[in-house]
Amino acid sequence: MDFKITRAFTRLRRKPRLSSRGGMLMGVLRSLGEGGHASSLRSLVGYFGGVGSADSTEETKGTTAVKPWSSTTEWCRCLLMVVCIVLSGCGAGDGSDRASLAESSVSSSPTYFVGRAGDDSRTCQQARQAATPKRTLASGVRCLAGGDTLVIDDGTYEESIDDTIPSGTSWDTATVIRAGNHRKAVIKPSASGLYGFNLVDADTHFIIIKDIVIDMINSSVQCVRLINGGTPARGFPHHVRLEGIECTNTLGSAITWNNDSQLVSHVQGRENELVNCWLHHNGRRGDFLDSAVYWNSRDSVVRDCQINNNGATGIALFTSAGGTPTGATIEHNLIHDNAFYAIQATVTQGATIRNNVIYSHPYIRAVELGSLSAGPVQEIQFYHNTIVDNSGVCVFGNHPENSSIVIKNNICAGNGNNTIAITGSTKSNNLEGGLVAFADRPARNYRLTANSTAALDTGADLGGAVPLDADGEKRVQGTGPDLGAYEFVPQQ
Ligand SMILES: [Ca+2]
C-alpha cells in the first residue's frame with residue numbers, strides 16, 4: 001500500500017497543472033476540434049466574459065457564471081484571444097511556459113512498453129518508447145502510476161501480477177494493462193500458486209486488463225482473482241474491467257470475484273466487468289465448485305463472452321460467507337459444452353439474464369435459478385435466451401423462497417427436457433419444445449430465418465427492456481419481438 005501511495009504522490013507532483021488560463025483554453029480548443037462546438041463556444045465566451053483580467057484558478061473558474069452571448073466587446077475579446085494563442089502563443093510568457101502548456105494540452109497519462117526483446121535495466125522514461133521497452137511485466141508495472149497504460153508486446157511471459165497495479169480514479173482515468181495486439185501477449189505463470197492477476201482489497205479499483213491471454217497450465221489457481229485480503233475486512237476490488245481477455249487451463253475456477261473461504265469476514269466487490277472474454281478449458285480437475293466465473297460481486301457484468309468446455313459450471317452467481325450477489329447483468333454470452341450448468345444462480349437478488357445462447361451441456365439442467373439444495377433467488381429478469389440441444393432440463397429452480405422471477409421470450413428446444421419450471425416465477429411467451437428452423441443448427445448457428453415461424457414476432461412486448469439482440473441488432477423488428485437471443489432482420 002505504501003508503494004501505491006508513494007507512486008500516486010509522485011505522479012501528482014509531476015503532473016502539469018491544468019489550472020492556468022492556457023490549460024483551460026487549450027482544453028476548450030481541443031474540444032472544439034472534437035466537435036463539441038456549441039457547448040465549448042459557450043464555455044469560452046463565459047470564461048472570458050466572466051473572469052476579466054484577474055488571475056484565474058480552477059476554483060475561481062468553477063464559480064464563474066457562464067454568461068450568455070452578450071456584448072460585441074466580449075465576442076471580439078474572445079475571438080482575438082483564440083487567434084492570438086493559436087497563431088503565436090502570445091500571452092503565455094516565455095518558451096518554457098509554452099512547452100508546459102503544450103504538454104498539458106496533449107498529454108494524458110503516459111504509456112509504457114514491455115516486450116520480449118526488452119531490457120529491464122532501461123529507465124521508465126526509456127520504456128515510454130515502443131522501441132526501448134522493459135523486458136518483464138513486473139518491471140513495467142513498477143513504472144506505472146494510477147491512470148497510466150502498460151502495453152505488452154507479443155510473446156509469452158512467465159510471470160504473475162500480485163497486487164502491484166496502481167489504481168485509477170474513474171473509468172476515464174483507469175490504469176490500463178493491455179496487449180499490443182489482441183491476444184498475442186500471453187501471461188503464463190510458471191509456479192503452482194501464482195495467479196495471472198491477483199487483485200486485492202478495495203483500494204484496488206479502476207483498472208482495465210485488456211486483450212491478454214492468461215494460460216494457467218502450470219498453475220493451480222485462477223487467471224484473475226478479486227479478493228478481500230484482510231482480516232478484518234478491507235473490502236473488495238471494484239471497478240475492475242477484464243476486457244477481451246482469454247483465460248484457459250486453470251485447475252479450478254477461471255475468474256473468481258468472491259471471498260476466500262478461509263476468511264472470516266466478507267465484503268462484496270462491486271461494479272466489476274467481464275466483457276468480450278473467452279474462458280475455455282478451465283477447471284481441469286473437474287470439481288463441481290470450480291465454475292469458470294464464480295461471482296458474488298454487486299452490480300457487475302458478464303457481457304459478450306464465450307464460455308465453453310470448462311470442467312464445471314459456466315457462470316455461477318453464488319453467495320460466500322454470507323454475501324449476496326445483487327444487480328448482476330449477464331448478457332450476450334455464448335455458453336456451451338461446460339460440464340455442469342451453463343448458468344447457476346443461487347442466493348441472488350436482482351439479476352438480468354438476457355440474450356444468451358446456451359447449448360450442448362450434458363448436465364441434468366442447463367440453467368438453474370434458485371434450488372432447494374443451494375439457495376433461493378429473487379427479482380430475476382430472464383429474457384430472450386436461446387437454450388438448445390442440452391441434455392437436461394432447460395430451466396429449473398425449486399426453492400420455496402424464490403420470488404419475483406420473470407421469464408419471457410426464451411427458446412427451449414432440442415433439450416432433454418424443454419420445460420421451464422421455476423418456483424416463484426411468472427412466465428409467458430416462451431417456446432418450450434417444438435421445432436425451430438435455425439439458420440444452421442449443426443454448425444451451432446441458432447440465428448433465426450424467415451422460416452423460424454415458431455419464434456418470429458411471437459414475443460411479449462417488454463417495453464424496451466431489451467433494446468438490442470445478441471448481435472447488437474435493434475429489437476424489435478417486424479411486428480413483434482422474436483423469441484430467443486436473435487431478432488430476425490428481414491431483408492429489405
Ligand atoms: Ca421480430
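V367 has V395 as its bridge partner in β28. The strands here are DSSP runs of E, at least two residues long, numbered from the N terminus, and helices are runs of H or I of at least four residues. The two strands involved are β25, residues 365-369, and β28, residues 393-397, which run parallel and are joined by three bridges. I call two strands paired if DSSP finds at least two bridges between them.

Before going on, the provenance. This is a predicted model, where local features need pLDDT of at least 70 and side-chain atom pairs count only at pLDDT 80 or more, while totals for chains, interfaces and linings use all residues. Residues are numbered from 1 along each chain as its sequence is written.

Back to β28. On to β31: four bridges join β28 to β31, again parallel, and V395 stands opposite I420 in β31. Which side chains of β31 are buried? N418, I420 and I422 are, and they point to one face; N417, T419 and A421 point to the other and are not buried. Buried means that 20 or more other C-beta atoms lie within 10 Å of the residue's own; exposed means 12 or fewer, partly exposed is in between, and the C-beta atoms are placed from the backbone.

These strands belong to an open, parallel sheet of ten, in the order β4-β7-β10-β13-β16-β19-β22-β25-β28-β31. At its edges stand β4 (161-162) and β31 (417-422), each with a single partner strand, so one side of each has no neighbour in the sheet.

There is also an open sheet of eleven strands with parallel pairing, ordered β3-β6-β9-β12-β15-β18-β21-β24-β27-β30-β33. Its edge strands, pairing on one side only, are β3 (155-157) and β33 (431-432). Within that sheet, β27 (386-388) and β30 (411-413) pair over three bridges, in the parallel sense, and V388 is partnered with A413.

Now the core. A nonpolar core is a set of buried Ala, Val, Leu, Ile, Met, Phe, Trp, Tyr and Cys residues joined through C-beta atoms within 7 Å. The largest one has 110 residues, and I255, V293 and V367 have the most contacts inside it. It draws at least three residues from each of domain 2 (111-289) and domain 3 (341-492), with bounds from an automatic or database domain assignment. Leaving aside neighbours within four places in sequence, the contacts of I255 include C223, L279 and V293; contact means C-beta atoms, placed from the backbone, within 7 Å.

Finally, the totals. The chain has seven helices and 35 strands, and 45% of its 492 residues are buried.

How values were computed: Contact = placed C-beta atoms within 7 Å.
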